[in-house]
Amino acid sequence: MPPEERLVNLVVALMATEQGLTKDTILTSVSGYREQSDAGAKRDALEKMFERDKENLRGLGVPIETIGDYADPDDLREARYRVPTAEYELPADIEFTAAEIAVLTLAGGVWSERSMSAGARAGLRKIRSLGIDVDEPIIGFAPRLNLREPSFAPLQRAMEQSRVVSFDYIRPGDAQPRRRRVEPLALVEFEGRWHLFGFDANVGAERTFLLTRIGSDVEVTRVAFDPAARDGAGERALTGLRTVAERQRALLEVSAATEAAVRLQRRAVPGPEDEQGIRVPYVDVQVFADELASYGPEVRVVEPAELRDAVVSRLAAALETLEDAR
Amino acid sequence: MSPSPQLATDRAALMLQLVPYLIGKGEVSVVEAAEDFDIPPETMRAMVQRLTVIGLPGEGGFWQMANDLFDIDWDLLDAEDVIVITNTVGLERSPRLTAREAAALLAGLQLAASLPGVGDSGVVQGLLAKLARGAGQTPAEVIVAPAPVDAVRTTVAEALRRGVAVSFTYRAPDAPETTRTVDPAKVSISGGQWYLQGWCHMREAMRTFHLDRVSDPVLTATPATHASEPVPELFEPAEGDDIVELRYRRSAAPLLTEYLRAAETAGDGEWRTARIRVADARSLKRLAARGGGGVGILGPEQARRAALEWVRAGLAQYS
């Protein structure tokens, strides 16, 4: 019997029992184990298989409960296992309207990244199985999240398991990438870019990282952290990014009726009166400098100097490459 | 369609979803079920057949009785390739959402909520609460902060919803302003940027408009009669475009993703070359300037000159 069938048999058996099944009963009666028991498989091999199956099912979100000996909770020899129906199933009183399903269907289609796309589809399938007929799908809208960073999937997995990650991070201007150890707390898309927000063990504080600057594979360590640290992390990350944008406002001179004017004026905020130019908030000096460089002579950075220098150095480097390319 | 799942755990997850799905459907063809599960039809058929060996444990060492197992209408499957589940022994109701599933839907919802007419319907708030309650595990915080929605976005979305043409002023880079009337077919958000795809009355063809470049939109009373024509992919290169040869640093490749998708590339060292198609070779001056030295233009010479002048003029402002 293939392992997936053994797993499903195990779920059916554990859900059908109120008082729980002992390991012994499971190994000798649940189809998938029973045949191997009958064929004389070694007991400890079967027990290992059962332990693995339990872990895999918990990974799928199946709530397997262990009922130990009341006198000695650490003694698992007589432990019983069960899956409480109420915790396994979607709550009985949860219902979705056709309008809600239409919005969720739109929401489920935004992902290009494989594991999130598959997750959204599986979630939708479970909800649709509640037996709702979709009336009118929302057509004509195609919201999409671009996600090209390979670091996203391992970071997401590490967050789910509350495990510390480590990776090489390239800060612009640094000669060498630096190894960071981070408790990953939230992944945030802000202004079209993905950020990791987490507790940075190297500096002992929460920090925000751009996924595009992660220069190595993300290593998910075996070190766990307190999941409570994740509570409200998304809000803290957003507040942090917005505060930075609030504080950093470039003063720019923009030629009228150009691409730069069209793109930048939308984002401008009021500056001091009688100031020449527009004030545009930005989060990351390097990212903003990339954009401003593309506008060439359409925009001139007045301040800050750091941004101006970053734009000038990009243009100078571009000039060199273009002169070189013959 | 995705291939069959490789991991036994993933296949088990599908089987757990299959029973409530089949109960909900009543009767469903193998092809439709396969589509809904995003697996090949033969995988779906095999999964349904194998379902019938799954069931409750045998009592006291006996093998299971027939009604202890899941069962299907075999005649219907053999004759018409249609699935009907005839006996269930559990799993009737859908499992709760996993952390991954809830996170994926919650983040998608935040983005969808920024669409005018979707977010302000009160539906989103209700959904957020229901998804939180329907999840068996605490989802990881995956947050999407949508850009503010302005009058341009609201008006264009309204035109799409009403099925009427919309008129606006459009300023494409390096081109004079034009007034366009467009039958809206699709509003897309990609990488935080908003686009309108629609049938342009002036060009008499489907066109894509970046909404940042749109101003003074006005709803018309004209029905959008061409909106149902085929809409091309968002960044699909049009035919008969300019061909440009680029030289680029490996680290600049992400900047060129949209161009490189359909390009011939060569080299695998620090510097590579690519022949790309663009609507307008002049537009590459902006790309070269943004590339900060990572993007050079090998030809045509006139594109290279345009980029050189662009970068020089940019630098001259600071000297």
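**Exercise 1. Describe the surroundings of Lys54(A), beginning with its side-chain partner Glu51(A).**

Solution. The side chains of Lys54(A) and Glu51(A) are joined by a polar contact of 3.1 Å. A polar contact is a pair of N or O atoms within 3.5 Å; within protein, one must be able to donate a hydrogen and the other to accept it, and residues adjacent in sequence count only if both atoms are side-chain atoms.

The model is predicted: local features need pLDDT of at least 70, side-chain atom pairs count only at pLDDT 80 or more, and totals for chains, interfaces and linings use all residues. Side-chain values use heavy atoms, with hydrogens and water left out, residues are numbered from 1 along each chain as its sequence is written, and chains are lettered from A and ligands numbered from 1 in the order in which they are written.

Next, locate the residue: Lys54(A) lies in helix α4 (residues 43-59) of chain A. Helices (H or I, at least four residues) and strands (E, at least two) are DSSP runs, numbered from the N terminus. Then list the contacts (heavy atoms within 4.5 Å): leaving aside neighbours within four places in sequence, Lys54(A) is in contact with Ile64(A) and Tyr81(A).

**Exercise 2. Determine why Lys54(A) and Arg213(B) are classed as they are, buried or exposed.**

Solution. Buried means under 20% relative accessible area, exposed over 50%, and partly exposed in between (1.4 Å probe, protein chains only). Lys54(A) has a relative accessible area of 5%, so Lys54(A) is buried. Arg213(B) has 17% and is therefore buried as well.

Arg213(B) sits in the loop between β9 (205-210) and β10 (214-223) of chain B. Not counting residues up to four places away in sequence, Arg213(B) touches Glu259(A), Val262(A) and Arg263(A), and also Thr169(B), Tyr170(B), Arg171(B), Ala172(B) and Pro173(B).

**Exercise 3. Characterise the interface of chain A and chain B.**

Solution. Begin with the extent: 119 residues of chain A are in contact with 110 residues of chain B. The buried area, which is the accessible area (1.4 Å probe) that two parts lose on being put together, summed over both, is about 9800 Å², and carbon and sulfur atoms give 62% of this area.

Turn to the salt bridges, each a side-chain nitrogen of Lys or Arg within 4 Å of a carboxyl oxygen of Asp or Glu. There are 13 between the two chains, and Arg11(B) and Glu4(A) meet in a salt bridge at 2.9 Å, N to O. Finally, α12(A) contributes 13 residues, the largest share of the side of chain A that touches chain B.
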